[in-house]
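This report describes the domain arrangement and selected local features of one protein model. The sequence and structure are shown first.

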Amino acid sequence: MAQMQPGDFAYFEGGIVPTEEARLSVMTHAFNYGTALFEGIRGYYNAEEENVFIFRLPEHIDRFVRNFSILCMEIPESRDRIEEICLEVAQKSALREDIYLRPICYKDQLSLGPAVFGVSSAMCCYVIKLGDYVDTSAGLDVAVSSWRRLSDNAIPTRAKTTGSYINSSLAATEAKRSGFHEAIFLREDGTVAEGSAMNLFIIQGNQLITPPPNADILVGITRNTIMQLAEEQFGMKIVERPVARTELYISDEAFFCGTGAQVAPIRSVDRRNIGDGTPGEKTKALQDYYFEVVQGKVPEYRHWCTPVFS
Ligand code: PMP
């Protein structure tokens, strides 16, 4: 798990300060009720260009701002200003390595009572160094969780609300305590949703299959990236459809993807090997290509990479 480092910076109450100075009251609404919304955005260091490239920054900010309506968030910073703030925080950190940006819009009012309307909001954003979040080389041993994925009608899954990560934390903890690397959530109807903080793909022949946007998933930006790369560069057929639990066991390949998880091959599910129990060939090819793309090394997708330093 990523730890806070001294020297990290955060945007807080309108300015950039050392992260340790960005502190909230115990009475903050978001702390009491989980009423905050966030994004997770990676920046990749490109050694040849000695620059850090933020991957799909505009798409992350668009998702962030669009979801404000779910929690009735209103803040003074405009959409474009939020994008600038992310860049400014990264610049101020002066980190020339792989980084992770976390903008958060939160209910900052010091008041009692669960509500989203009529409670004031504010925005902050911090930056940390971040390497691998899960192993991306050996393949993961994962288990179907006994915790169900929360449903969109209970806590909206398409928004990255802080409160919803209790669901993720319970599943990830259960998996790890049982000797697995990660968990797979099923929905209340028993079909597959996603991992604790990552989307899931299975491969059957030339088909790249993933649950659809209304399957209680977070509609990931990496998911979208992988679907585009798989279709455009590898000629795969993308299929968004409900996935049954047992399909996980019999698929040729499976992998997780997400900003944090990147592209992480799955080698077993519930102690059943996927394929021959090692990362699949198509997954590895997609993963290699993804790592080139995020570092700004593929001209065709360079527009997805925003440089931090000029
Ligand atoms: N699902 C969940 C629950 C997540 O927390 C994340 C990480 N943001 C993802 C999927 C992947 O989304 P993205 O590719 O946009 O990071």
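## Domain interface and local features

Between domain 1 and domain 2 the count of salt bridges is zero, a salt bridge being a side-chain nitrogen of Lys or Arg within 4 Å of a carboxyl oxygen of Asp or Glu. The model is predicted: local features require pLDDT of at least 70 and side-chain atom pairs count only at pLDDT 80 or more, whereas totals for chains, interfaces and linings use all residues. Residues are numbered from 1 along each chain as its sequence is written, and side-chain values use heavy atoms, with hydrogens and water left out.

Domain 1 spans 9-129 and domain 2 spans 140-294, with bounds taken from an automatic or database domain assignment. Their C-alpha centres lie 26 Å apart. Domain 1 gives 20 residues to the contact, and domain 2 gives 20 residues; contact means heavy atoms within 4.5 Å. About 1700 Å² is buried between domain 1 and domain 2, and carbon and sulfur atoms give 62% of this area. Buried area is the accessible area (1.4 Å probe) that two parts lose on being put together, summed over both. On the domain 1 side, Phe38, Phe55 and Arg63 lose the most area to domain 2, together 34% of what that side buries.

Four residues are tabulated by location and relative accessibility. Helices (H or I, at least four residues) and strands (E, at least two) are DSSP runs, numbered from the N terminus. Buried means under 20% relative accessible area, exposed over 50%, and partly exposed in between (1.4 Å probe, protein chains only).

| Residue | Location | Relative accessibility |
|---|---|---|
| Phe31 | helix H1 (residues 29-33) | 62%, exposed |
| Leu87 | helix H3 (residues 79-93) | 18%, buried |
| Ala94 | loop between H3 and strand E6 (99-107) | 49%, partly exposed |
| Arg271 | loop between strand E15 (262-269) and strand E16 (272-273) | 53%, exposed |

Leu87 touches Ile54, Leu57, Thr306, Pro307 and Val308, not counting residues up to four places away in sequence. Of these partners, Pro307 is 220 residues from Leu87 in sequence and 8.7 Å from Leu87 in space, C-alpha to C-alpha.

Most residues other than glycine have a negative phi. Ala94, although not a glycine, has a positive phi of about 60°. Arg271, also not a glycine, has a positive phi of about 65°.

Phe31 joins Val26, Met27 and Leu110 in a nonpolar surface patch of about 460 Å².

Technical notes. Patches are made of residues with over 30% relative accessible area and no salt bridge: like charges are joined within 9 Å, nonpolar side chains (Val, Leu, Ile, Met, Phe, Trp, Tyr) within 5 Å. Accessible areas come from the Shrake-Rupley method with a 1.4 Å probe; for residues, only the protein chains shown count as cover.
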